[in-house]
Amino acid sequence: MPALDAFDLAILDILQRDNTVPQRAIAQAVHLSAPAVQRRIRRLRDSGVIRAEAAVLDAALLGRPLTLLVEVHVHDEHPRRTAGLRQRIAAEPAVQQCYAITGEADYLLVITAATMADYEALIAQLLGDDDNVRRFRTSVALGCLKTGQHVPIDINSQIGLQRPPVKRQQLSNK
């Protein structure tokens with residue numbers, strides 16, 4: 001874990017909201033020079049704190065309106081028994097996210113699909129011939145309340161970069 005100071009946190013907070021903000025604007029916002037910001041961003045990328053810089057696409061507008069949540073239960077969690085499943089999941093572009101989880105299921109997948117037939121074919125490919133898969137359960141998302149990769153960063157009271165307080169009126173339903 002690289003040591004992050006208040007300047008790094010402020011830069012990260014800006015970039016995760018909009019990574020197209022020019023470095024000179026970031027520099028002005030965090031009270032550093034543009035070259036200093038550039039060096040810090042390069043260090044944050046090199047150290048893996050910034051994992052990727054990508055556009056967030058609307059799957060429905062690209063012909064993939066279905067989002068499916070799939071709980072996968074396996075017989076044996078040993079890495080040698082789950083290696084093939086993990087490789088297939090990692091290689092499949094329709095699997096947007098996969099988590100190894102606690103509880104009844106062993107994995108939770110977030111999948112996007114154009115049709116239920118496409119989903120069924122994908123599940124057959126991912127899970128069908130794997131004798132270690134005990135069962136799976138699918139839930140179809142009816143809508144999306146929130147999605148994102150935003151990580152909360154508390155930069156309040158650090159180097160004078162405080163966000164304006166939220167007024168109570170803004171929170172009420174008036």
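Which residue of strand 3 is the bridge partner of Val72? In this predicted model, the partner of Val72 in strand 3 is Tyr107. That bridge is a convenient way into the sheet, and from there to the two helices that pack on it.

**The sheet**

Strand 1 and strand 3 pair in the antiparallel sense, and the pairing extends over 7 bridges. They belong to an open sheet that is formed by 4 strands in the order 2-3-1-4, with antiparallel pairing. Strand 2 and strand 4 are the edge strands of this sheet, each of them pairing on one side only. When direction is ignored, neighbouring strands of the sheet are turned by 20° against each other on average. Strands of a sheet pair through backbone hydrogen bonds, and they may do so in either a parallel or an antiparallel way.

**The two helices**

Helix 4 and helix 5 can be set side by side as follows.

| Helix | Number of residues | Reach, first to last C-alpha | Expected at 1.5 Å a residue |
|---|---|---|---|
| Helix 4 (79–91) | 13 residues | 17 Å | 18 Å |
| Helix 5 | 12 residues | 16 Å | 16 Å |

The reach of helix 4 is close to the expected value, although helix 4 bends by about 30° at Leu85. Leu85 is also one of the buried residues of helix 4, together with Thr82 and Ile89. These buried residues pack against strand 1 (66–74), strand 2 (95–100), strand 3 (107–113) and strand 4 (133–140), and also against helix 5 (116–127).

In helix 5, the buried residues are Tyr119, Leu122, Ile123, Leu126 and Leu127. Seen down the axis of helix 5, these buried residues fall within an arc of 100°, so they line one face of the helix. Ala117 and Gln125, by contrast, lie on the other side of helix 5 and are exposed. The buried residues of helix 5 pack against helix 4 as well as against strand 1, strand 2, strand 3 and strand 4.

**How the helices lie on the sheet**

To return to the pairing described at the start, strand 1 and strand 3 are joined over 7 bridges, and each of these strands serves as a reference for the direction of one helix. Helix 4 packs on the sheet, where it touches strand 1, strand 2, strand 3 and strand 4, and its direction makes about 30° with that of strand 3. Helix 5 likewise packs on the sheet and touches strand 1, strand 2, strand 3 and strand 4, while the direction of helix 5 makes about 25° with that of strand 1.

How values were computed:
Residues numbered from 1 in each chain as written. Predicted model: local features only at pLDDT ≥ 70, side-chain atom pairs only at ≥ 80, totals over all residues. Heavy atoms only, no water. Expected span 1.5 Å × (residues − 1). Bend = angle between axes of the 7 residues up to and from the residue. Buried < 20%, exposed > 50% of the residue type's maximum accessible area, 1.4 Å probe, protein only. Contact = heavy atoms within 4.5 Å. Arc of directions from axis to C-beta. Pairing = 2+ DSSP bridges. Axes fitted to C-alpha atoms, helices over the stretch in contact; angles between N-to-C directions.
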